[in-house]
Amino acid sequence: MKKSFSIVLAVAILASMLAISFTVKAELPYTGNVYYVDPDNGSDSASGLSESDAWQTLKKVNSTYFDAGDAILLKKGSVFEGGCLWIEGGATKANPITVSSYGEGDKPMIVSSYESDGRLVDAAVYIYNQSYITIDGLYIVNGSKGTNDQFGIRVIENDGYTTKNITIKNCVINGDIGNSWRDTSKKGMTGIDVSSTNWYGYINGLLIEDNEIYNCKSNGIVVNGSQGGCDSTGKANSRAARGVEIRGNYLKNIGKDGIFLNNVLNPLVEYNTCDKAHSYATTSYHVAMWPFSSKGAVFQYNEAFNTQTTYDGYGYDSDYQSYDTLFQYNYSHDNQGGFMLICTEPQNWDGGLAWNENVTVRYNISQNDQNHSSMLSGSIHNVKIYNNTLYSSEDLPNASYTFDLFSRGVSKFNGNKYADDTLIANNIFYVDSNGGFKLDKTTNTVFCNNLIYGKDVEDVPINDDEEPYDDGITSYDNIYDQNPMLVKAGGAGEGLDTCYVYKLQDNSPAIGSGRKIENDGGKDFFGNELGELTNIGA
């Protein structure tokens, strides 16, 4: 009996030890050494391998070459004044190098400066020609007083290097020190910048997730590959940035662009919020979220609002030399420039013809976006704008046009001056403001199954059986002057969850009145599966 009890006790103790070991492993999921850094109680002559034997300075970190699987943990609640964190090592895909934190309290803070360890640096965290690195849970403040461009986190690839699998998550980046982020004597800060600095290096694998970026006089998040996403035929370029995901970030008070992608192949931008982009550079052209020279970009479940000025000033934009761009399930409101811009140069770009091909805008909601709520401009081809809901209230201060289709320049596709092959279908245009429609200079445009309601709207395309609108526009099966019976038009606030007010009531004339669209995405803004019956609106 005693022997049996001893066996049971031994098994229980062993199980407890295993549970403890598993718990420790779950807390520290690193395969290499773990180095601790404590600016108040550490010492650079220590081993750094325990909390009680921690290093003291970022200079010590910067002078160390780390092995695959190593982790550098900064003490929570601490402040690292001046300098930068410069990571170098031999990480692998299976064993990345991680920079994170330990202990209790606020995220460890790095206050950047222009000079670090005798080197001039322009970022608080700097990754140069490195791969498989994770930055997790830091607080970065711009402490530089210089007039050069500054960055919170900067990732650079140069001289043919391929940067692979960089993760930046759960960080806070604040360009405001002493409420001076708009100081005219400084060029200002970009929150996160991942860029190729020449034609040869490129990015393959990038996740920017759940960060907060505030008060950046320059840009919020920038990803810049070395070549365009594709050529004019849609063939992908080998050195475009790829494997790029930007998800769940919150940006507020950004001087120029909120999220900007250049030369990227098949990026995914989703669940991000950008409040008040373009809030400093008032005479240059910027947008809350947009791709340039990219292929296959998907923007979904984002919210963009309070974008400033009418120098663009849109919530979203598909810009020059882009191909197969998709905007779906986004919410746009109170942007001074408007909801959606699709554009390219009038004729030439970078020594060749300008173009923007295959843009789809569907299941989005726009509330009180001003100026040109939606505008198409330039040599664009094969644009589909369907099942969106656009509302503008009667007290909107700057409503020029609810929808503006204006083309200029020479299209590479048909040799004329106009946007070609555009479908505008199944949209609700609820116009209580004085905004009107401007649709002209187009070819092969179909305007059908839309519901237009509110004040008298100038230049709305009416159905062909009543009176032709324009030789370039075919108009049919639109609904005029019938209330779409939304739950509460104009009643949404901040957050996609407030958009329930744009659901259709049971007696809405928009129910079942839409045109069936091929490859329609399978669900609407609210997640309802799409069947054979097609509604109008988001």
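Is Gln321 buried or exposed? In this predicted model, Gln321 counts as buried, because its relative accessibility is 9% and the cut-off for that class is under 20%. The residue lies in the loop that runs between strand S30 (314-318) and strand S31 (323-328), and its phi is near 55°, a positive value in a residue other than glycine.

Asn444 invites a parallel reading, since its phi is likewise given as near 55°, again a positive value in a residue other than glycine. Asn444, however, is found in strand S46 (residues 442-448), and it counts as exposed because its relative accessibility is 54%, where the class requires a value over 50%.

Two cysteines can be set beside these residues. Cys216 counts as buried at 0% relative accessibility, and Cys343 is also buried, with a relative accessible area of 8%. As for cross-links between cysteines, the structure holds 0 disulfides. The accessibility values discussed so far are collected here.

| Residue | Relative accessibility | Class |
|---|---|---|
| Cys216 | 0% | buried |
| Cys343 | 8% | buried |
| Gln321 | 9% | buried |
| Asn444 | 54% | exposed |

Strand S41 (residues 389-392) offers a view of how side chains are arranged within a sheet. In a regular strand the side chains alternate between the two faces of the sheet. In S41, Thr389 and Tyr391 point one way, while Leu390 and Ser392 point the other way, and all of these residues are buried.

The neighbours of S41 can be described in turn. Strand S37 (residues 365-367) is joined to S41 by 3 bridges, and the two run parallel; within this pairing, Ser366 stands opposite Leu390 in S41. Strand S44 (residues 428-431) is joined to S41 by 4 bridges, and this pair also runs parallel, with Phe429 in S44 as the bridge partner of Leu390. Leu390 therefore has Ser366 opposite it and Phe429 as its partner in S44, while being itself buried because its relative accessible area falls under 20%.

A last topic is the empty space in the model. Rolling a probe the size of a water molecule over the atoms shows where empty space is left. The largest pocket holds about 380 Å³ of space, and 23 residues line it, of which Asp524, Asn528, Leu530, Asn535 and Ala538 lie nearest its centre. Sorted by class, the lining of this pocket comprises 10 nonpolar, 7 polar and 6 charged residues.

Technical notes: Residues are numbered from 1 along each chain as its sequence is written. This is a predicted model: local features need pLDDT of at least 70, side-chain atom pairs count only at pLDDT 80 or more; totals for chains, interfaces and linings use all residues. Side-chain values use heavy atoms; hydrogens and water are left out. A disulfide is a pair of cysteine sulfur atoms within 2.5 Å. Buried means under 20% relative accessible area, exposed over 50%, partly exposed in between (1.4 Å probe, protein chains only). On a 1 Å grid over the protein atoms alone, a cavity is a set of points where a 1.4 Å probe fits but cannot get out, and a pocket is an open set with protein on both sides within 12 Å along at least five of seven lines; lining residues have an atom within 4 Å of a point. Grid points are joined across faces, edges and corners, and a volume is the space filled by probe spheres set on the points. Ala, Val, Leu, Ile, Met, Phe, Trp, Tyr, Cys and Pro count as nonpolar, Asp, Glu, Lys and Arg as charged, and the others, Gly among them, as polar. Two strands pair if DSSP finds at least two bridges between them.
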